[in-house]
Amino acid sequence: MWVFVNGRLAIDLGGVTGTESANPTLGPSTEATFGIQRDGHYERALFHAERFAPNTSVALALDGLSICQ
């Protein structure tokens, strides 16, 4: 699984692995990393590839999102 925020890699759980989790927090300390500013609108993209893992499960929680049209 790979997650991008504003076109920049935020989570990389690629490869064959055991149970893993990631919990990046977006805020003042990560604004420069992702090229974002508070109250801005930015794309989040999630990619998941399942390879030979019959019991794969994914849980995704996103807090504080607003829909931009």
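This is a short talk about a three-stranded sheet, its side chains and a few neighbouring features.

Thank you for joining. Before anything else, please keep in mind that what we are looking at is a predicted model, and that the values I quote are computed from it.

Let me begin with the sheet. Three strands form an open sheet in the order β2-β1-β3, and the pairing is antiparallel. The edge strands are β2, covering residues 8–12, and β3, covering residues 44–47, each of which pairs on one side only. If we ignore direction, neighbouring strands of this sheet are turned against each other by 20 degrees on average. As a general reminder, strands of a sheet pair through backbone hydrogen bonds, either parallel or antiparallel.

Now to the two pairings, taken one at a time. On one side, β1 and β2 pair in the antiparallel sense over 4 bridges, and in β2 the bridge partner of Trp2 is Asp12. These two strands form a hairpin with 2 residues between them, and in that turn Asn6 has a positive phi of about 55 degrees. On the other side, strand β1, which spans residues 2–5, pairs with β3 in the antiparallel sense, again over 4 bridges. Within β3, Arg44 is the bridge partner of Val5, while Trp2 stands opposite Phe47.

Which residues of β1 point to one face and are buried, and which point to the other? Val3 and Val5 point to one face and are buried, whereas Trp2 and Phe4 point to the other and are not. In general terms, the side chains of a regular strand alternate between the two faces of the sheet.

Phe4 brings me to the aromatic residues, where the structure holds 1 aromatic pair. Phe4 and Phe47 form this pair, and the geometry is edge-to-face, with 5.9 Å centre to centre and 80 degrees between the planes. The pair links distant parts of the chain, since Phe4 sits in strand β1 and Phe47 in strand β3, 43 residues apart. Are the two rings' residues buried or exposed, or in between? Phe4 counts as partly exposed because its relative accessibility is 25%, and Phe47 is also partly exposed, with a relative accessible area of 47%.

Staying with β3, let me turn to the surface. Leu46 lies in that strand, and together with Leu60 and Leu62 it makes a nonpolar surface patch of about 290 Å². Leu46 is partly exposed, because its relative accessible area is 39%, which is over the 30% required of patch residues.

Finally, a word on Ala59, whose place is in the segment after β3. With a relative accessible area of 78%, Ala59 is exposed, because the cut-off for that term is over 50%. Ala59 and Ser21 are 38 residues apart in sequence, and their C-alpha atoms are 9.4 Å apart in space.

That is where I will stop, and I am glad to go back to any of these residues in the viewer.

Technical notes. Residues are numbered from 1 along each chain as its sequence is written. This is a predicted model: local features need pLDDT of at least 70, side-chain atom pairs count only at pLDDT 80 or more; totals for chains, interfaces and linings use all residues. Side-chain values use heavy atoms; hydrogens and water are left out. Two strands pair if DSSP finds at least two bridges between them. Axes are lines fitted to C-alpha atoms, for helices over the stretch in contact, and angles run from 0 to 180 degrees between N-to-C directions. Patches are made of residues with over 30% relative accessible area and no salt bridge: like charges are joined within 9 Å, nonpolar side chains (Val, Leu, Ile, Met, Phe, Trp, Tyr) within 5 Å. Accessible areas come from the Shrake-Rupley method with a 1.4 Å probe; for residues, only the protein chains shown count as cover. A salt bridge is a side-chain nitrogen of Lys or Arg within 4 Å of a carboxyl oxygen of Asp or Glu. Buried means under 20% relative accessible area, exposed over 50%, partly exposed in between (1.4 Å probe, protein chains only). Rings of Phe, Tyr and Trp (its six-membered ring) pair if their centres lie within 6.5 Å; planes under 30 degrees apart count as stacked, over 60 as edge-to-face and the rest as tilted.
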